[in-house]
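Visitor: I should like to learn how to read the packing of aromatic side chains in a protein model. Where should one begin?

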Amino acid sequence: MTEILSNLTDYIKGNEYWLMERILSYAKERDYTKYTSTLVEPWRLSISGLSESFVKLVESRGDNIDLSPDEDYESDPATQFGIIEAQRHRERGISLEMFLGLMKYYNQSYQDLIRESGFENEKKQYYTGLINRFFDRVEIAFCKAWTSPKKEQLITELQKKNRRMTNEKNKYLTIFESLSIAVIITDSDGIIENMNLAAANMFNKEAVSGSKYYSEINENMYFYERFPELEKNYINFIKSGKEKTADDFYHDFTEQYFHISFSSSLDISGKFSGTIIMINEITKHKEMEKKLEKLAETDPLTGANNRRSFLKFFEKELKRCKRYTRALAIIMIDIDHFKDINDKYGHDAGDEVLKLLVKKAHSVIRSTDIFCRWGGEEFLLLLPESSIKQSSHLVERFRNSLSESSVTATGGLEIKITVSIGMTVSDNKDNTDTLIKRADKALYMAKEQGRNRVIVL
């Protein structure tokens with residue numbers, strides 16, 4: 001093969017993606033995708049097959065590819081490719097005239113490639129002539145393949161096609177109906193075209209597999225009529241114009257969580273033809289998430305919030321109280337002589353003391369308050385929107401309640417519990433560090449003054 005031909009074949013092989021984009025744009029523009037596909041891969045494969053056939057033809061015959069009356073059109077790569085493609089598309093029910101029409105735009109794509117190249121004009125004319133002759137050979141092969149089959153062969157091809165379609169339908173139904181996830185397919189108006197057994201069972205436990213697909217009753221049912229709980233989700237998806245959305249929702253009546261996804265379904269021309277809705281029940285997953293979240297925020301021994309979750313809540317409440325000029329109290333609590341309790345009665349008894357303290361705290365605080373184990377025997381209590389008077393009253397009630405309680409240690413010994421408490425209130429200029437340090441200072445003063453008391457700074 002000469003250098004001039006090598007330049008052409010190398011150029012074509014290096015621009016297959018460009019050719020694929022060009023023929024796909026022609027096919028969409030001329031509505032050929034209504035009968036073929038809008039997926040990129042089939043078009044890439046067709047360009048790859050054509051380019052490979054052209055290269056093989058030039059490699060075997062050079063530029064001697066003109067037509068003659070005695071030509072054997074089954075002996076070269078161009079016609080061999082054409083015969084194979086003709087058989088494949090004929091079996092799919094594509095007409096010769098439609099396929100020849102589309103082939104003109106394949107030819108045009110290759111011509112465009114040469115025209116927009118940097119080759120000299122003389123070479124461009126030479127190359128376009130070779131490409132035209134190549135497509136002439138391919139088209140002759142199409143005509144030969146389309147017109148040569150006998151009636152019996154055509155019947156066999158139709159039977160083969162029908163069996164393949166039946167098998168594909170059965171395979172689709174088997175997979176579709178066996179899915180544990182509910183799947184609903186609607187048309188562009190929101191009418192349910194099909195739904196699997198899992199979807200039907202969401203409201204009808206006696207549904208039969210495949211009943212929607214094989215039903216002869218032409219009863220239109222809109223998606224939002226069958227699934228009214230999801231009407232808002234469905235409408236929002238359609239209005240959004242997005243190809244896909246997903247979200248979780250809670251069903252109040254069944255007390256279940258679901259994950260729902262909406263996907264646009266496009267016809268072979270790329271136009272919106274409906275929606276695919278998938279609904280998956282995720283209640284156990286959500287409950288596990290909540291348990292894990294609680295574990296991540298909770299002290300495992302006492303059930304109180306841990307330091308991490310407390311600081312997160314503290315930052316949020318402090319900002320809110322500053323914004324609205326509200327009071328916020330922070331209280332630091334320390335169990336008196338806790339080390340002596342552990343040394344004298346054992347760590348199991350010490351653990352019971354910690355648990356009792358948290359229990360008593362939760363019995364007096366509000367749902368908007370947060371109580372945490374700060375570390376060891378130290379605890380922090382945050383009281384949003386609480387004045388000094390209100391906070392002092394609550395803390396004294398907690399301290400008295402705890403001092404009147406006891407824990408029974410091994411051997412029946414009663415352990416009396418007292419706590420020292422330091423409290424301060426935000427002046428809307430503090431940050432979390434200054435408030436905690438001031439509460440810690442008040443706690444230190446309570447210990448110095450004899451323990452079992454509350455000091456406010």
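Guide: One begins with burial: a residue is called buried when its relative accessible area is under 20%. In this model, which is predicted, phenylalanine 223 and phenylalanine 262 are both buried.

Visitor: What share of the 457 residues in the protein chain is buried?

Guide: Buried residues account for 41% of the chain. The chain has 17 helices and 12 strands, and its accessible surface comes to about 26,000 Å², with 50% of that belonging to carbon and sulfur atoms.

Visitor: How are pairs of aromatic rings classified?

Guide: Two rings pair if their centres lie within 6.5 Å, and planes under 30 degrees apart count as stacked, over 60 as edge-to-face. The structure holds 20 aromatic pairs. One of them joins tryptophan 43 and tyrosine 106, which are stacked at 6.1 Å centre to centre with 25° between the planes. This pair links distant parts of the chain, since tryptophan 43 lies in helix 3 (residues 40-61) and tyrosine 106 in helix 5 (residues 96-115), 63 residues apart.

Visitor: Why does tryptophan 43 count as buried?

Guide: Its relative accessibility is 4%, so tryptophan 43 counts as buried. Tyrosine 106 counts as buried because its value is 6%.

Visitor: Why is the pair of phenylalanine 223 and phenylalanine 262 described as edge-to-face?

Guide: The planes of these two rings stand at 80°, with the centres 6.4 Å apart, so the pair is edge-to-face. Here too distant parts of the chain are linked: phenylalanine 223 belongs to helix 10 (residues 223-226) and phenylalanine 262 to strand 4 (residues 256-266), 39 residues apart. Ring pairs also join Phe223, Phe227, Tyr234, Phe237 and Phe262 into a cluster.

Visitor: Which residues touch the most other members of the largest nonpolar core?

Guide: A nonpolar core gathers buried residues of certain types joined through side-chain atoms within 4.5 Å. The largest has 43 residues, and those touching the most other members are Trp43, Phe54, Tyr106, Tyr110, Phe134, Phe135 and Phe142. At least two residues of this core come from each of helix 1 (3-13), helix 2 (16-29), helix 3, helix 4 (77-91), helix 5 and helix 6 (121-147). Beyond four places in sequence, phenylalanine 134 touches Leu50, Ser53, Phe54, Leu57, Ile65 and Ala78. A second, separate core of 33 residues includes Ile331, Val353, Leu357 and Val425.

Visitor: Which charged residue sits over the ring of tryptophan 374?

Guide: The charged end of arginine 307 does so, 3.8 Å from the centre of that ring.

Key: Residues are numbered from 1 along each chain as its sequence is written. This is a predicted model: local features need pLDDT of at least 70, side-chain atom pairs count only at pLDDT 80 or more; totals for chains, interfaces and linings use all residues. Side-chain values use heavy atoms; hydrogens and water are left out. Rings of Phe, Tyr and Trp (its six-membered ring) pair if their centres lie within 6.5 Å; planes under 30 degrees apart count as stacked, over 60 as edge-to-face and the rest as tilted. Helices (H or I, at least four residues) and strands (E, at least two) are DSSP runs, numbered from the N terminus. Buried means under 20% relative accessible area, exposed over 50%, partly exposed in between (1.4 Å probe, protein chains only). A charge sits over a ring if NZ of Lys or CZ of Arg is within 6 Å of the ring centre and within 35 degrees of the ring normal. Contact means heavy atoms within 4.5 Å. Accessible areas come from the Shrake-Rupley method with a 1.4 Å probe; for residues, only the protein chains shown count as cover.
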